[in-house]
Each structure stands twice: as C-alpha cells, then as structure tokens.
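Here are my notes after a first pass through the structure, set out as numbered points. Have a look at it yourself, then read on.

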Amino acid sequence: MNRQLQNKLFTYSTWVAVIICSAILFFLFGVILWNGLPGININFITQESSDFGASGGIIYQIGGSLLLVLFSAMICLPIALGTAIYKSEYLKNRKLHKIINTLIYSLNGIPSVIFGIFGLILFVNILGMGISWIVGSIILAMMILPTVSLSTYHAINSIPTVYRESSLALGLTKWQVISKVLLPQGFSGAITGLLIGVARAIGETAPIMFIATAFSGVKLPSSFSEPVSTLPTHILALAQQATNPDALQNAWGASLVLVMLVVLFSISALFIRLRYQTISRR
Amino acid sequence: MIEYQALKPKLSVVGKTIDNIINIEGLQVWIKENHILNDITLNIPKNKITCIIGPSGSGKSSLIRSINRINDDIDGIISQGNINFNGNSILDKNIDVASLRTQIGMVFQKPCIFPKSIKENVLFGIQHLKKLNKLEKLQIVEDKLKVASLWKEVSHRLNDKAISLSIGQQQRLCIARTLAVKPEVILLDEPTSSLDPLSTRAIEEMMVKLKESYTIVFVTHNIQQAKRIADNLIFICDGKVIEQGVASELFSCAKNSQTRAYLKDEYCAC
C-alpha cells in the first residue's frame, strides 16, 4: 500500500469515527425528542406529579435536581480550587504531585453506585444524617470533585509563568498573586469544569437513590434532613410502570427535560471555555 | 522580618569613592545538579547603568534574578554566598521578600501585560501596597507614563485595554508599572530583545534619563547596546565573572583576553 493511499485511508477512517459518534448522539437525542416532545407542555413543567407520576407534571423533580446539583457545586468548588491552587502553586515535590494526581484520577474512576453505598454507610447510618438531600449533595460533590479540580488546575497551570513573576517582581505576596492574577484568569476554567461536573451530576441516579431521594410524594424540602424527588429517580420510577402508557409518556417527557438541562450546562461550559481561550490568546 | 534601611555603604575602588548599592560576594547558585553561578563577586554602583553581558546560557539572567530573589520559586534552587543591598543581606531567610521586590524592581524580556486597562496596569503593583484616592492614582499614572515616554501616546486612551498597545509601548508600560512602585534599583532582563530598533532606542534613552534617580542593572547580549548606555560593564561567561569595571575602560582596553575576544567578535571561549 503506497503512502498516499495510507494517508487517505487514515483520513477517511477518522471521518467514519466522527460520523458514527455523531450519529449515535443524534439518534439518541432524536428518539428522546420524538417521544418526549408530545408530552411536554406548560402544565407538565409547572405542575406537581400525581398518581405516582403517571399524571401531573415534574416541577418538584426539576427543583429537587437543581437543588442537589447547586449545593454539590457550592460544596465542590472551594475544595477543587484549593486542591488546584496547592498543586499548581505550592507543591514542588513531583512524586507527591503524581500521587495526588493518581488519587484524583482514581476518584474519577469509581463507579457511581459505590459513592451511593459509601454515602449510605457513612452519612446515613454511621453519622445518622438520614436520607436527605444534603447527603445527596455531599456525595455528588465528591463525584464531580476530580472533574472540577483537574479543570481548575489546568486553567491555573496554563497561565504563563511570566504573569506570576511580573506580579511577584512588583512586590505582591504569593497570596496576592493567586487572588489578583491567577484566580481571575483561571476562574473561567474552574466554572467550565464545574458546569461539566454538574451536567454529569444532574443525570446521576445510582449514587442518590439510596441516600437523598423519595420516589414520590415529596415537594421541595424545608430543612436539610428531608429527601427530594429528582428527575433521574422519577424517570426510573415511571419506567417501572411501562405498561401504563401515561406513565411512559411522562417518562419520555421527563427524559427530554433532563437531556435539555444537561445540554444547557454543557453548552454553557463550552461557551465559557471558548471565551476563556480567546482571552488566553490575547 | 527585616526592613531595609538606607545604610549606603561607601567602598573605595581604585582611588575613587563610589556608592555601591549592591555588593555580591562569593555567590554560588545551583539548580539541582547544575552549577549555574560560580563564585560571583561584584559591585553595582548607585545611579549608574550597569550592563551585564555574556553569551547565551552564561548565567546573566540567573544573576539578576538572584538579586530580587525571583529565582526562589524555581524547584531545586540553592543559593550560597552573600548579596548585600543597602548593607542588608538579601539572602537572609527571614527577610520580607515582597518588600525587597518593591525596592528592587524588575522588567522582563517579553512585556507582560495584565488583561486590564493601561491605567490599571500602571497602578497594578502600587495599589496592592497602599490605598490611593482617584486623584493620587491619576497623578501616579501621568507621572510614570511621562517618565516612561508613553504619556503623549496614551494620555487620551488610558482606559483602553493595554493589550492594544504595540510591543514596544507594552514594554514601556511595564517600565512605568515598575517605576510606580518606587524601587531604588531596576533590573532589566534583555528588555529590548523582542523590540524594533526605534523602540529599542526609546528604551535606551529612557534608561539614560532614569539613572539620575534609579540604579539600573541591564542584561543584554547586544554589545553595541552596552556600548551606548553602560557606565559599568560586567562580563559573565559560564557562570563566572570574567571581568568587570568602568564600561569605557573595558571597551578600550580590557585586561582579560576572553573579554577582549567577546567585545570584539561576540565570541566566548570560556
């Protein structure tokens, strides 16, 4: 096989890979859109569910999901920032750097159900916090921590050294360099990571279904110790009533809303990333 | 923390009394196993332009980066010996390094502009040191931009993004930003290496004016440039000071053969 043919074959094979990847995504999205769209209307979005979800809307499931991910983001962000700053600015020992990186990547690879079991044992049983949305937020924060931390680290670490040195040379302390120079420039990277993490967290079912959610009959919580209903667990409950066409229709509708939320977070992350890259190039 | 005092040590050199603001004695610097600077001993006279010349990799930048301890953050760096600034040892572990750097400012090879306005860039260092009112800020911006020969070009657009300036203007802005902190010494690490001849000449002229109020330490590999601006010359090769002295004397009759060869052909056989 001559070199030019090899080159063409490689180029076409990458095109095929992209087409397969895009086709799977579009097919999945198309099926959800096709089945979910007929069930979506203003009442579905604004009303509470009834009849175990077979009728009514999903307002409390949307609220519960957003509450969980909002608090998980609030818990995760400061820890991720701290880890990223320490790794980028203070940790000089390369071996320790590798060990911490390995731990973070390992945390990212743990199956989500294990996080759920861990939360059940530690927070619900041992610490007696009960099945509550705050436990769910803590567990989701632990799950998205590697994504946010690595994204923040890369954003801070990619800031050219000359910015650090120019600031230090003007008499700024290390903390002033971090707070006035590095964090403002790296913050968009952290927010991008956070939105990607949140996009993952909002679709998670396994880690929260033992520790944070009730499948029906709950509204928005009035205290930290109450469970919530979320979109993924609601879809799971409706899918178990697959013989009921109303329940199935609502499951498709809820799925579409969940996908739209994931897409919204992902596009926001992409938008911030693009804006951040533009600033870096200046 | 040790605060710096103006002790102004006077050293007698060849029958003349010269105010040396910085004295370096037996400075050795290693980065891990690499011996970067070897037994450096030299004096930096006050209110003069001291040019440090030498081939690439000879240790010029490492030397001036030791003077304001910007090297501290490099992994595996070890410094031994003594660097005295106004009579105080700056290698002392207990000194306030941030305070030291306000007195020994530094301008880097490539202009580093913060993603802020021209005005905010000038004030960037000073506003972290003390609170200033609007009038004081404007006064500092005008004064320092005038000294840096940039005021006429930017006075009508102080709130524009500094990134919109040309590279030569950006470098002068960096000098204005350094001046705003009111240092006694300004270290410049090849500040004109990425500039066109016109911008280079503007900075050289500015240095000559600045030496009335500041001590300038200027690293360059451009011998003609050193000839134009240097009062004092230090030739470094392979991490060692080969020769130092009054620039005009060194250019006319350097004692060391390596110095003569370098000044003549920019060739170093260290």
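1. Let's begin with A:Val198. Once neighbours within four places in sequence are set aside, A:Val198 is in contact with A:Val69, A:Ala73, A:Ile144 and A:Phe265. Keep in mind throughout that this is a predicted model.

2. Where does A:Val198 sit in the wider packing? A:Val198 and B:Val217 are the residues with the most contacts inside the largest nonpolar core, a set of 126 residues. Helix H6 of chain A (residues 133–157) supplies the largest share of this core, with 15 residues. Another core lies apart from it and has 14 residues, including A:Leu231, A:Leu238, A:Ala254 and A:Leu258.

3. Two helices of chain A worth viewing side by side are H3 (residues 59–90) and H8 (residues 174–201): their axes come within 9 Å and cross at roughly 135°. With that angle, H3(A) counts as oblique to H8(A). The crossing of H3(A) past H8(A) is right-handed. On the H3(A) side, the contact is made by A:Val69, A:Ser72, A:Ala73, A:Cys76, A:Leu77, A:Ala80, A:Leu81, A:Ile85 and A:Glu89. H8(A) brings A:Ile178, A:Ala190, A:Leu194, A:Gly197, A:Val198 and A:Ala201. By class, this contact of H3(A) with H8(A) has twelve nonpolar, two polar and one charged residues.

4. Now for another pair in chain A, H5 (residues 112–126) and H6(A). They pack at an angle of about 135°, and their axes are 10 Å apart. That makes H5(A) oblique to H6(A), and H5(A) passes H6(A) in a right-handed crossing. The residues making the contact are A:Ser112, A:Phe115, A:Gly116, A:Gly119, A:Phe123 and A:Val124 from H5(A), with A:Val135, A:Ile138, A:Ile139, A:Met142 and A:Met143 from H6(A). Sorted by class, the contact of H5(A) with H6(A) has eight nonpolar residues, three polar and no charged.

5. A proline comes next. A:Pro207 lies in helix H9 of chain A (residues 206–209). Is A:Pro207 buried or exposed? A:Pro207 counts as buried, because it has 25 C-beta neighbours inside 10 Å. Not counting residues up to four places away in sequence, A:Pro207 touches A:Ser112, A:Val113, A:Phe115, A:Gly116, A:Gly119, A:Ile139, A:Leu140 and A:Met143. By contrast, the C-alpha atoms of A:Pro207 and A:Ala155 are separated by 29 Å, with the two residues 52 apart along the chain.

6. Stepping back to chain A as a whole, its secondary structure comes to eleven helices and two strands. From the N terminus the order is α-α-β-β-α-α-α-α-α-α-α-α-α. Along the principal axes, the C-alpha atoms of chain A fill a box of roughly 65 × 65 × 35 Å. Of its 282 residues, 39% count as buried. Among chain A contacts between residues at least 6 apart in sequence, 77% join residues at least 24 apart.

7. How many residues does each chain bring to the contact between chain A and chain B? Chain B gives 21 residues and chain A gives 15 residues. On the chain B side, the elements that give two or more residues are helix H2 (97–103), strand E7 (104–107) and helix H6 (167–180) of chain B. H2(B) has the largest share of that side, four residues. By class, the chain B side has ten nonpolar, seven polar and four charged residues.

8. Over in chain B, look at helix H1 (residues 60–67). H1(B) is mostly covered, with eight of its eight residues buried. They are B:Lys60, B:Ser61, B:Ser62, B:Leu63, B:Ile64, B:Arg65, B:Ser66 and B:Ile67. Just after H1(B) comes B:Arg69, with a positive phi of about 55°.

9. The backbone deserves a closer look here. Most residues other than glycine have a negative phi. B:Arg69 has a positive one of about 55° although it is not a glycine. B:Arg69 lies in the loop between H1 and strand E5 (77–85) of chain B, and it is buried, with 20 other C-beta atoms within 10 Å.

10. Then there is B:Asp39, in strand E3 of chain B (residues 34–45). B:Asp39 is not a glycine, yet has a positive phi of about 55°. B:Asp39 is partly exposed, with 14 other C-beta atoms within 10 Å.

Conventions:
Residues are numbered from 1 along each chain as its sequence is written. Chains are lettered from A and ligands numbered from 1 in the order in which they are written. This is a predicted model: local features need pLDDT of at least 70, side-chain atom pairs count only at pLDDT 80 or more; totals for chains, interfaces and linings use all residues. Two residues are in contact if their C-beta atoms, placed from the backbone, lie within 7 Å. Ala, Val, Leu, Ile, Met, Phe, Trp, Tyr, Cys and Pro count as nonpolar, Asp, Glu, Lys and Arg as charged, and the others, Gly among them, as polar. Axes are lines fitted to C-alpha atoms, for helices over the stretch in contact, and angles run from 0 to 180 degrees between N-to-C directions. Angles under 35 degrees count as roughly parallel, over 145 as roughly antiparallel, 65 to 115 as roughly perpendicular and the rest as oblique. A crossing is left-handed if the near helix is turned anticlockwise from the far one by less than a right angle, and right-handed if clockwise. A nonpolar core is a set of buried Ala, Val, Leu, Ile, Met, Phe, Trp, Tyr and Cys residues joined through C-beta atoms within 7 Å. A residue is buried if 20 or more other C-beta atoms lie within 10 Å of its own, exposed if 12 or fewer, and partly exposed in between; C-beta atoms are placed from the backbone.
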